[in-house]
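Trainee: Could you take me closely through one part of this model, and then show me how it sits among its surroundings? I would like to follow it from strand to helix to core, with the terms explained as we go.

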Amino acid sequence: MPSGPTPIIDLSQVTKIYGHGEGEVRALRGIDLRINAGEFVAVMGPSGSGKSTCMNILGCLDTPSGGAYKFLGVPVGNMNADQRALLRRNYLGFVFQGFNLLSRTTALENVELPLVYRHVPKEERRALAHKALQEVGLGGRETHVPSQLSGGQQQRVAIARAIVTQPQVLFADEPTGNLDTATSVEIMKLLTSLNEQRGITIAMVTHEPDIAGWTRRIVRFRDGHIESDQANEPVREH
Amino acid sequence: MFGNAIILALREIRRNVLRSTLTILGIVIGVGAVITMVTIGEGATAQVQADIQKLGSNLLQVFRGQGFGGGGGSRQAAPPFSMDDVEAIKNEITGVRTAAPTIGNGAQAIYGNSNWATQVQGTDDQYISVRDWPLANGRNFSESELRAGAAVCILGATVQRELFGAEDPIGTSIRLGKLSCQVIGTLSSKGQSGFGQDQDDLVVVPIRTMQRRIVGNSDVSSIMVSARDGVSTEKVQADIESLMRERRKIRPGADPDFNVRDLKEISSAMTQTTRVLTTLLAAVAAVSLLVGGVGIMNIMLVSVTERTREIGTRLAVGAMARDVLLQFLIEAVTLAAFGGIIGIALGLTAGALATNAFNVPFVLNMGIVMLSFGFSAAVGIIFGYFPARRAAQLDPIEALRHE
């Protein structure tokens, strides 16, 4: 896929409205946002500012009410559910605040899951999942189920699951929201290395300035608008 | 795509051992109970129908007294029948194939060291024909033995087994109370009657022998009549009634002091009763089916929240709605099929054991097997599949946020 002049993500005048009539909530009131290949972007803002809504639209988990969203130059707005699923399958990876691992399922099987939907043959699937788990520092934990892993370890499994498909963009929604400070630092180091070593574009929602400080661009949301969008000199060590 | 869905579905079943087991159990209980109950009921019905065949073809019986039940007192008071009555029935009613007099009396049968309390039946050479009861060995009574009241007897299969075991009884002498008599034949086995009594537990002697040497009078206590094939037993019954009224000088309009029973009537009443019983058992079984179904529903609905979030996760990592649906459908079908097969196997086994224990034939009713399986499978599939379908049609983010 071409990068360079074409941004990976291109939102123009995107709106999102929940509900109808009196109870209508305008979560996004016309967002313009471009994210280029290789960026590491933090999306910040108070609760209800629209940052998560924006992220869900970017990740094709939710559909915009208005405006245009182009992914790699292709309009996403008129895609149906299956086409959006294919987009997620082939280009996107997700990390959630609540980890969202399948319970009672081993780390290896959790990481394999996106590959199953990509119809990767069993042997190759195993090998790729092993490699991804090693990359996030969980080699040797393949047969553990989520309840046997700490929060930080579970989030690493989730990251391994997100990167096992070599996605163009990794979306992280409050990835450190359920973790203590030391573990959060570990996770941020991992994301930074994935961005710098593997060149994976990362968009991350957070409300913690410390966490946002690891990125190289910070977009601030307020009341459904982008309040500011500025470059950031990332911290290296804590 | 199909292969993947199967992998994921089987993984899901293995992962949720408890949920899978409970679902299977619900189906097993439903299917198993219905099949067991219906098998027992149908076995009983088949038994009763077989008993009708065993009673002999077109059998009627003439008793003293009135009707069944309330007739106990009047039966004793009513005058007995005579051999002339038997001849009259045989000769004067065209629909009658043959008739035999009977007198029953309990007696102790003794041979060597063996001793067996049994029923002695005094009758004539027509008895085995009336009751459609072939001899296993030996011969029937001869004219001269009947006329003379000879000390000869024919053994029922139970008496033969109890007194002689494997030994050949023909030609030997047994004692019936004080009477010593020679065994000239043995009857084939008829088994239990529909009333649960062993029909083979009897010794047959000539009626005159019975009258003179055992009971000490010349009475005939009842007459067994066999109608000709193709003649309606109702017609024969009416003819016997009018003949006997005439012979016993009962005024028109007065209650008779005898009654003629068509054994088929009794049997069909019993068949009817058994059918009602079968229906009742089926109703009880239907309740188990329903309870099993509600159990499945419960388990499936309780897990909807967990499953909805899981479906959200699957959609987020790139599953299409139809991938998820196929997986859940295969899961539901696998569980239903598994439960159904175990249920059928268990139900048929329990049915076979029960029919064996109750001594009734084992009847396989494929209709009920399919029906109960279909119902349970439908419950399992509907409640496993439809919540999943609803979840798969949500936007992934809604499924992920499901509380």
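Mentor: Happily; what follows begins with one strand and works outward from there.

A word on the ground rules comes before the tour. This is a predicted model, in which local features need pLDDT of at least 70 and side-chain atom pairs count only at pLDDT 80 or more, while totals for chains, interfaces and linings use all residues. Residues are numbered from 1 along each chain as its sequence is written, with chains lettered from A and ligands numbered from 1 in the order in which they are written.

Our part is strand S8 of chain A, residues 201-205. Strands (E, at least two residues) and helices (H or I, at least four) are DSSP runs, numbered from the N terminus. S8(A) is mostly covered, with 5 of its 5 residues buried. Buried here means that 20 or more other C-beta atoms lie within 10 Å of the residue's own; exposed means 12 or fewer, partly exposed is in between, and the C-beta atoms are placed from the backbone. In a regular strand, side chains alternate between the two faces of the sheet. In S8(A), A:Thr201, A:Ala203 and A:Val205 point one way, A:Ile202 and A:Met204 point the other way, and all are buried.

Now for the strands that pair with S8(A). Two strands pair if DSSP finds at least two bridges between them. Strand S3 of chain A (residues 40-44) pairs with S8(A) in the parallel sense over 4 bridges, and A:Val43 stands opposite A:Val205. S7(A) is also joined to S8(A), by 5 bridges, and the two run parallel. Across that pairing, A:Leu170 stands opposite A:Ile202 in S8(A). The chain gets from S7(A) to S8(A) through H6(A), making a right-handed β-α-β crossover. Right-handed means that, with the strands pointing away from the viewer, the path from the first strand over the helix to the second runs clockwise.

Both S7(A) and H6(A) turn up again around helix H5 of chain A. Strand S7 (169-173) and helix H6 (181-197) are among the elements that cover the buried residues of H5(A), and so are strand S6 (92-95), helix H3 (107-117) and helix H4 (122-135). H5(A) is mostly covered, with 12 of its 13 residues buried. The buried ones include A:Gly152, A:Arg156, A:Ala160 and A:Ile163. The length of H5(A), residues 151-163, also checks out, because 13 residues at 1.5 Å a residue should span 18 Å and the end C-alpha atoms are 18 Å apart. That expected span is 1.5 Å times one less than the number of residues.

Which residues have the most contacts inside the largest nonpolar core? They are A:Val43, A:Ala160 and A:Ala203, in a core of 122 residues. A nonpolar core is a set of buried Ala, Val, Leu, Ile, Met, Phe, Trp, Tyr and Cys residues joined through C-beta atoms within 7 Å. Nonpolar side chains tend to be buried together in soluble globular proteins. Contact in general means that the C-beta atoms of two residues, placed from the backbone, lie within 7 Å. Leaving aside neighbours within four places in sequence, A:Val43 is in contact with residues including A:Ala203, A:Met204 and A:Val205. Other partners of A:Val43 include A:Cys54, A:Val219 and A:Phe221.

The core also takes us to the other chain. Its largest share, 13 residues, comes from helix H2 of chain B (residues 17-54). A second, separate core of 47 residues includes B:Phe81, B:Leu176, B:Phe258 and B:Val260.

As for the chains themselves, 19 residues of chain B are in contact with 22 residues of chain A. Helices H1 (2-15), H11 (304-316), H12 (321-357) and H14 (396-400) of chain B each supply at least two residues of the side that touches chain A. H1(B) gives the most, with 5 residues.

Chain B has a covered strand too, for a second look at the pattern we started with. In strand S5 of chain B (residues 152-155), B:Val152 and B:Ile154 on one side and B:Cys153 and B:Leu155 on the other are all buried. S5(B) runs parallel to strand S7 of chain B (residues 179-187), joined by 4 bridges, and B:Val152 stands opposite B:Gln182. S5(B) is also joined by 2 bridges to strand S8 of chain B (residues 202-206), and these two run antiparallel.
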